[in-house]
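Thank you all for coming; I would like to take a few minutes to walk through one model with you. Please have a look at the sequence and the structure first, and then I will go through some details.

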Amino acid sequence: MFRWVVGGGGKCHHTGPNFSGGLQSHYVLNSGDKIPSVALGVWKAAPGEVGQAVKTALDAGYKHIDGAWIYRNEAEVGKALKESGVPREDIWITSKLWNTFHAPEDVEPILDESLAKLGTDYLDLYLVHWPVATKKDGTYYDKELTADPYPTWQKLEEMVAKGKVRNIGVSNFNVRRIQNLTANPLKIQPAVNQVEINYFLPQPELVQWSKESGILLEAYSPLGSDRRVSDSLNVPVVKEIAKELDMTPAEVIISWHVQRGTIVLPKSVTPSRIVENIHLTKLPDELFEKLEKAATSHPPERGSNPSKSWGLDFDIFE
Ligand SMILES: NC(=O)c1ccc[n+]([C@@H]2O[C@H](COP(=O)([O-])OP(=O)(O)OC[C@H]3O[C@@H](n4cnc5c(N)ncnc54)[C@H](OP(=O)(O)O)[C@@H]3O)[C@@H](O)[C@H]2O)c1
């Protein structure tokens, strides 16, 4: 289970780095750890850009970086974290186990590689990036480990016991896949599930189920990713609410995510946007409901589904 902590208060959203605009500044996980509600996402943050983005984010008050081994930028992220001078314990670092390394014997070496690159001896959160395991020869897919992720999970539990990871979770798992995992005698339940959630794919049923099941959702591509960010920011109801509350469209969307009870992971390498994306403000109930209704009343459109490009004979999300 996790619980909400309401931080901040008041209406002004330009007050300072720790101000959470009446929305929860973090959630408390089962482990007792407090995970900050907003993270800087670093997927597609290019070499030469990502380090500066991390430093700008830390200066702006971010305390949470969402990365992954496959983003291939952990060394530059680690260097920026070190150079920032921010104490390690003040930053929440998430990384993810790539599909190639689900075999139990592969987990610790690749985790060690992420730790070394990030320049830390522990991760706050380590996620199974996709519910799909690659075969040893690098092709898709290992049917056994994909059908039954328990051996991989047991290794992750061992990494927690060793102190290399504080919390473990999953990403891109639907309810059926989570239940398939949790049907095993787990020592540690998945703390979070990181999935695509945005205006075009708001996933209200998954949000509800996850709350009831004590699994915290993390919203990836919260602005619609690079492909649809401009569509998101131009949704009429988003623009109307922004105008009414003297906020920017991005602030409205990011606040809506946290108000729905999820973590939000906006990615940007643009300094002004990085600063903008951490300005949370609680939307008045009627405006929150208006946006929720608009987001949930059109057919859902998923932006990210690599099932076909990976040559899978099943759909990851079915
Ligand atoms: N677990 C998974 O499988 C998975 C999959 C996808 C993403 N993620 C995580 O989620 C994070 C975010 O997802 P994402 O990168 O797909 O999408 P996103 O955060 O929805 O969108 C990023 C795009 O929006 C632009 N942007 C950001 N803030 C803006 C603002 N205030 N105004 C205008 N444009 C803005 C960025 O441009 P600039 O950078 O040029 O400013 C970039 O093009 C990733 O970095 C990663 O950490 C995880």
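Let me begin with a question: is Leu118 buried or exposed? What you have in front of you is a predicted model, and in this model Leu118 has a relative accessible area of 4%, so that Leu118 is buried, the cut-off for that word being under 20%. Leu118 belongs to helix H3, which covers residues 104–118, and if you look for Ala80 you will find that, although 38 residues separate Ala80 from Leu118 in sequence, their C-alpha atoms are 9.2 Å apart in space.

A second buried residue that I would like to show you is Gln24, whose relative accessible area is 8%, and which is part of strand E2, residues 24–28. The side chain of Gln24 has polar partners that we can name: the side chain of Tyr27 makes a polar contact with it at 3.2 Å, and a polar atom of the Gln24 side chain also lies 3.0 Å from the backbone oxygen of Val258.

Now to the ligand, which sits in the largest pocket. Two elements each give two or more residues to the shell around the ligand, namely helix H8, residues 225–233, and helix H11, residues 271–276, and of the elements it is H8 that gives the most, with 4 residues. The ligand is surrounded by 30 residues, of which the closest are Asp66, Ser225, Lys267, Ser268 and Thr270. If we sort this shell by class, we find 13 nonpolar, 11 polar and 6 charged residues.

Which side chains place a polar atom beside an oxygen atom of the ligand? Among them is Asp66, with a polar side-chain atom 2.7 Å from a ligand oxygen; another is Ser221, where the corresponding distance is 2.8 Å; and for Asn172, an N or O atom of the side chain is 2.9 Å from an oxygen atom of the ligand. As for how far the ligand is enclosed, the accessible area that it has on its own is 910 Å², and the protein covers 91% of that.

I would like to stay with Ser221 for a moment, and with the backbone more generally. Most residues other than glycine have a negative phi, and most peptide bonds are trans. Ser221, however, is not a glycine and yet has a positive phi of about 45 degrees; Ser221 is placed in the loop between strand E10, residues 216–220, and H8, and with a relative accessibility of 13% Ser221 counts as buried, so this residue falls under the cut-off of 20%.

Where else should we look for a positive phi in a residue other than glycine? Asp246 is one such place, with phi near 55 degrees, and Asp246 is located in the loop between helix H9, residues 236–245, and helix H10, residues 249–259. Whereas Ser221 is buried, Asp246 is exposed, at a relative accessible area of 64%.

The last backbone detail concerns a peptide bond: the one from Tyr140 to Tyr141 is cis, with omega near -10 degrees. Tyr141 itself lies in the loop that runs between strand E7, residues 123–128, and helix H4, residues 143–147. With that I will stop, and I am glad to take questions.

Conventions: Residues are numbered from 1 along each chain as its sequence is written. This is a predicted model: local features need pLDDT of at least 70, side-chain atom pairs count only at pLDDT 80 or more; totals for chains, interfaces and linings use all residues. Side-chain values use heavy atoms; hydrogens and water are left out. Buried means under 20% relative accessible area, exposed over 50%, partly exposed in between (1.4 Å probe, protein chains only). A polar contact is a pair of N or O atoms within 3.5 Å; within protein, one must be able to donate a hydrogen and the other to accept it, and residues adjacent in sequence count only if both atoms are side-chain atoms. A residue is near a molecule or strand if one of its heavy atoms lies within 4 Å of it. Accessible areas come from the Shrake-Rupley method with a 1.4 Å probe; for residues, only the protein chains shown count as cover. On a 1 Å grid over the protein atoms alone, a cavity is a set of points where a 1.4 Å probe fits but cannot get out, and a pocket is an open set with protein on both sides within 12 Å along at least five of seven lines; lining residues have an atom within 4 Å of a point. A molecule sits in a cavity or pocket if more than half of its atoms lie within 2 Å of its grid points. Ala, Val, Leu, Ile, Met, Phe, Trp, Tyr, Cys and Pro count as nonpolar, Asp, Glu, Lys and Arg as charged, and the others, Gly among them, as polar.
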